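Biologist: Thanks for sitting down with me! Could we walk through this fold together, one question at a time?

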Amino acid sequence: MRHLRRPLRRALVALAVCCAAMVAWSGAAGGQSRPSSPAPDARALLARGRALFAQGCASCHGEDLRGRPQLGPPLRGAGAAAADFYLSTGRMPLADPTDEPVRTRPLYPRADIDALVAFVGSFGGPGIPRVDPARGSLSAGMAKYTEHCAGCHQIVGRGGIVTGAAVPALDQATATQLAEAVRIGPYLMPKFSARQLDQATLDSIARYVRSIRHPDNRGGWGIGNLGPVPEGMVAWFLAMVVLLAVARVIGEPAP
C-alpha cells in the first residue's frame, strides 16, 4: 500500500493547486466584469473645504474657527448641521457681520457647500439630522407646530416680526433645513433637543410645513395668508367706505 500513497498524495496536491487557480481566475474575471467604484477621498474634500474657508469665512470666524469679536462666532463644535443650514439657505457669508442673516440665493455651489460642511463638521458638533415627512402624522405635526412654532412663524408659515429680528417664511425651506433649524436654533430662534422634540415629532412637523406651502383658501381671498392683521385692515377700509356711503345717504336733505 505504501507504493500507492505517494502517487495519491501527489494527485491530491495537484488537484488542490488546480482548484486554487480556478478560484483565483474566476475572482479576477468577476472583478473585471463588475468594477467597484472608488470611495470618495475624504482628505481631498477636507482640503477643499479648508481652502474655501480660508478664502471666504476666516476673516470673520478666524482661521482656527475660534471666532473674532464683533465679527463672527466660533465654529468649533457648531457641527455640520449649522454649516449646511447657513450655507444652503444663503444666510452665509454675510456682507456685513452686523446684518441679520436672511434667506437668499446660496453663494456656493453644492459641491463647495459639501466641502465646507465637511471641514466645519470635522471640528465637532451635531451632524446633519435625518427627517422623513412621509413617516410623520399631519394632525400631530399641526398640533406641535401650533404649540412650538406658530407664535413666530404664523400658522401657515408665512413668517412675521419679533423683537430684534424678522421671522422668515417657511415656504422655501426643505425638510432637512427645517430639521437643522430645529436642532441648532439659528440666530434668535431657540433650539430644540431630541428630548423636547423627538424624531417622530420632527417628521410630523416637517410634513405639516410641507402641506401648508399651498393652503386651501376656502374662504376666498387669502390676503397673503398673513392672518388677522391684513384681514382686519381690509375689513376696516371696506367698512369705512360703506359707513361714509350710508352717512351720505342718511344726511341728504329732504326736498
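Biologist: Where is the place of Gly-77: in a helix or in a loop?

Modeller: Happy to start there, and bear in mind that this is a predicted model. Helix H3 covers 58-61 and helix H4 covers 79-88. Gly-77 falls between them, in the loop between H3 and H4.

Biologist: Which residues is Gly-77 in contact with, leaving aside neighbours within four places in sequence?

Modeller: A useful hint is Ser-122, which is 45 residues from Gly-77 in sequence but 8.8 Å away, C-alpha to C-alpha. Gly-77 is also partly exposed, at a relative accessible area of 38%. Its contacts beyond four places in sequence are Phe-123, Gly-124, Gly-125 and Pro-126.

Biologist: Let's move on to the next helix. How many residues of H4 are buried?

Modeller: The buried residues include Gly-79, Ala-80 and Phe-85, and also the polar Asp-84 and Ser-88. Among the elements covering them are helix H5 (110-121) and H8. H4 is mostly covered, and the count of its buried residues is 10 of 10.

Biologist: Which residue with a positive phi follows H4?

Modeller: H4 covers 79-88, so we look past that end. The phi there is near 75°, and the residue is Gly-90.

Biologist: Asp-84 caught my eye. Which residue forms a salt bridge with Asp-84?

Modeller: Asp-84 counts as buried because its relative accessibility is 5%, under the 20% limit. Side chains of opposite charge can pair when their charged atoms come close. Here the closest N and O atoms are 2.6 Å apart, and the partner of Asp-84 is Arg-110.

Biologist: How many residues apart in sequence are the parts that Asp-84 and Arg-110 tie together?

Modeller: Asp-84 belongs to helix H4, whereas Arg-110 belongs to helix H5. The pair therefore ties together parts whose separation in sequence is 26 residues.

Biologist: Which residues are linked with Arg-110 in a network of salt bridges?

Modeller: Besides its bridge to Asp-84, Arg-110 pairs with Asp-114, with the closest N and O atoms 2.9 Å apart. Arg-110 and Asp-114 are four residues apart in helix H5, about one turn. Arg-110 is partly exposed at 42% relative accessibility, and Asp-114 is partly exposed at 34%. The residues linked with Arg-110 in the network are Asp-84 and Asp-114.

Biologist: And in helix H6, what is the N to O distance in the salt bridge of Lys-144 and Glu-147?

Modeller: Lys-144 and Glu-147 are three residues apart in H6 (residues 138-148), so about one helical turn separates them. Lys-144 is partly exposed at 32% relative accessibility, while Glu-147 is exposed at 54%. Their side chains meet with an N to O distance of 3.7 Å.

Biologist: Now for the interior. Which helix gives the most residues to the largest nonpolar core?

Modeller: That core has 17 residues, and Tyr-145, Ile-205 and Val-209 have the most contacts inside it. The elements giving two or more residues to this core are H8 (175-184) and H9 (199-211). With five residues, the biggest contributor is H9.

Biologist: How many residues are in the other core, the one that lies apart?

Modeller: Its members include Ala-58, Ala-80, Leu-87 and Val-117. Two of these, Ala-80 and Leu-87, are also among the buried residues of H4. The size of this other core is 16 residues.

Biologist: How many disulfides does a search of the whole structure find?

Modeller: The sulfur of Cys-60 has its closest cysteine sulfur in Cys-57, 8.7 Å away, which is too far for a bond. Cys-149 is in no disulfide either, as the nearest cysteine sulfur, in Cys-152, is 8.9 Å away. The search gives a total of zero.

Biologist: Last one, on the surface! What accessible area do Trp-236, Phe-237 and Met-240 have together?

Modeller: Met-240 lies in helix H10 (residues 228-250) and is partly exposed, with a relative accessible area of 40%. Together with Trp-236 and Phe-237, Met-240 forms a nonpolar surface patch. The accessible area of the three together is about 380 Å².

Definitions and conventions: Residues numbered from 1 in each chain as written. Predicted model: local features only at pLDDT ≥ 70, side-chain atom pairs only at ≥ 80, totals over all residues. Heavy atoms only, no water. Patch = residues over 30% accessible without salt bridge, like charges linked within 9 Å, V, L, I, M, F, W, Y side chains within 5 Å. Areas by Shrake-Rupley, 256 points an atom, 1.4 Å probe, with all protein chains shown as cover. Salt bridge = Lys/Arg side-chain N within 4 Å of Asp/Glu carboxyl O. Buried < 20%, exposed > 50% of the residue type's maximum accessible area, 1.4 Å probe, protein only. Disulfide = S-S within 2.5 Å. Core = buried A, V, L, I, M, F, W, Y, C linked by side-chain atoms within 4.5 Å. Contact = heavy atoms within 4.5 Å.
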